[in-house]
Structure formats: C-alpha cells, structure tokens
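Colleague: I should like to request a close look at a single part of this protein, with its surroundings described as a connected account.

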Amino acid sequence: MDLERRLAERAATLTPSERRIGETILADPNLVAFGTVADVSRAARAGTATVVRFAVKLGFDGYSQLQASVQRDVSGQLRPAVERIRDQQVGDDMLAARHAEVEAANVRTTLEAIRAGDGRAVVERLAADTAP
C-alpha cells in the first residue's frame, strides 16, 4: 500500500494526531476510500484541517489525492477477492467430484464384501422388509 510506505518514510515527522489518523486509515482503508474528511477526522478524533495537513505532509496535494491513492489500493485488493471466489467455485466442483469418488469407492467395497450367492438373499430380504 502506497500509504503505508509514505507513513513509514515520514513517521518521525508526524504529530500524535497525525499518527492517529494514519493508524485509523490503515485499520479501515474504506473509511478514507469512500468517506469524507469529516468521517476520517471523527474516527481519528482529530480536526478536519489536521486530516488535510496529514495528507499534504505525506506528499499528496490534499485529501482528494490521498483518497484516490487509497481507492486504487482498495480496488487492487478487490480483484484478487473476485479471483478467490472463482477459485472457490472451482474448489466446490472439485469437492463434489472427490465426494463422488469416495461414495463410489464405498459402494465398490460393499459389493466386493458380499459373497457370491449372498447378493440374491440380500435382495430378497430387502424386498420382503419393504413389502406391504
């Protein structure tokens, strides 16, 4: 994340309020990506002017440029999430195939365990138990 790099580079020059703003944004990037200066200032318990000064101190032209940077970072994280969802769907298909293999193996094992000639007796017994 570009913001993390900028924070690390300028950590020594940040005031306690600015550090709190940075921590707040890192904890919830969506707050700055989709929120206002007022939202960030309220969450970080800092003034709106401090939020704007924070953005400038990090090398942005202002809050809007900081917001755009975080939005790019957030959107970059969304794409991998979509890919993970697609992978999960493939994983579900593989899980169903694996389940089918296990069940087929169970049926084979059961059928192999029946001695020759016992199959007819089993079917007759089952048929007798279900007859009205």
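Which residues of α2 are buried?

Modeller: The model is a predicted one. In α2, the buried residues are E18, I21, G22, T24 and I25. Their arc around the axis is only 160°, which places them on the same side of α2. The other side of this helix has P16, E23 and A27 as exposed residues. The geometry of α2 can also be checked by its length: twelve residues at 1.5 Å a residue should span 16 Å, and the end C-alpha atoms are 16 Å apart, which agrees.

The setting of α2 is helical. The protein has seven helices and zero strands, and its elements run α-α-α-α-α-α-α from the N terminus on. Of its 132 residues, 25% count as buried. Where contacts join residues at least 6 apart in sequence, 61% of them link residues at least 24 apart.

Two of the buried residues of α2, I21 and I25, belong to the largest nonpolar core, which has 21 residues. Both are listed among those with the most contacts inside this core, together with L3, V40, F54 and L66. At least two core residues come from each of α1 (2-10), α2 (16-27), α3 (29-34), α4 (37-44), α5 and α6 (63-113). The helix that gives the most is α6, with four residues. In soluble globular proteins, nonpolar side chains tend to be buried together.

I25 shows how α2 is linked to other parts of the chain. Leaving aside residues up to four places away in sequence, I25 touches L3, V32, V40, F54 and L66. One of these partners, L3, is among the buried residues of α1, the others being R6 and L7. Seen down the axis of α1, these buried residues fall within an arc of 100°, so they line one face of the helix. R6 also lies over the face of F60, at 3.8 Å from the ring centre. As for pairs of aromatic rings, a search of the whole structure finds zero.

Another partner of I25 is F54. In α5 (residues 48-57), F54 is buried along with T50, V51 and A55. An arc of only 140° around the axis holds these four residues, which puts them on the same side of α5. After α5 comes G59, with a positive phi near 100°.

I21 leads to the loop between α4 and α5, where A46 is found. With residues up to four places away in sequence not counted, A46 touches S17, I21 and S41. A46 and S17 are 29 residues apart in sequence, yet their C-alpha atoms are 6.1 Å apart in space. The relative accessible area of A46 is 16%, so this residue is buried. R45 lies in the loop between α4 and α5 as well, but it counts as exposed because its relative accessibility is 61%. The phi of R45 is positive, about 55°, although R45 is not a glycine. Most residues other than glycine have a negative phi.

In short, the buried residues of α2 lie on the same side of the helix. From that side, I25 touches residues such as L3, F54 and L66, while I21 is touched by A46.

Note on methods:
Residues numbered from 1 in each chain as written. Predicted model: local features only at pLDDT ≥ 70, side-chain atom pairs only at ≥ 80, totals over all residues. Heavy atoms only, no water. Buried < 20%, exposed > 50% of the residue type's maximum accessible area, 1.4 Å probe, protein only. Arc of directions from axis to C-beta. Phe/Tyr/Trp six-rings, centres within 6.5 Å; stacked < 30°, edge-to-face > 60°. Lys NZ or Arg CZ within 6 Å of the ring centre and 35° of its normal. Core = buried A, V, L, I, M, F, W, Y, C linked by side-chain atoms within 4.5 Å. Contact = heavy atoms within 4.5 Å. Expected span 1.5 Å × (residues − 1).
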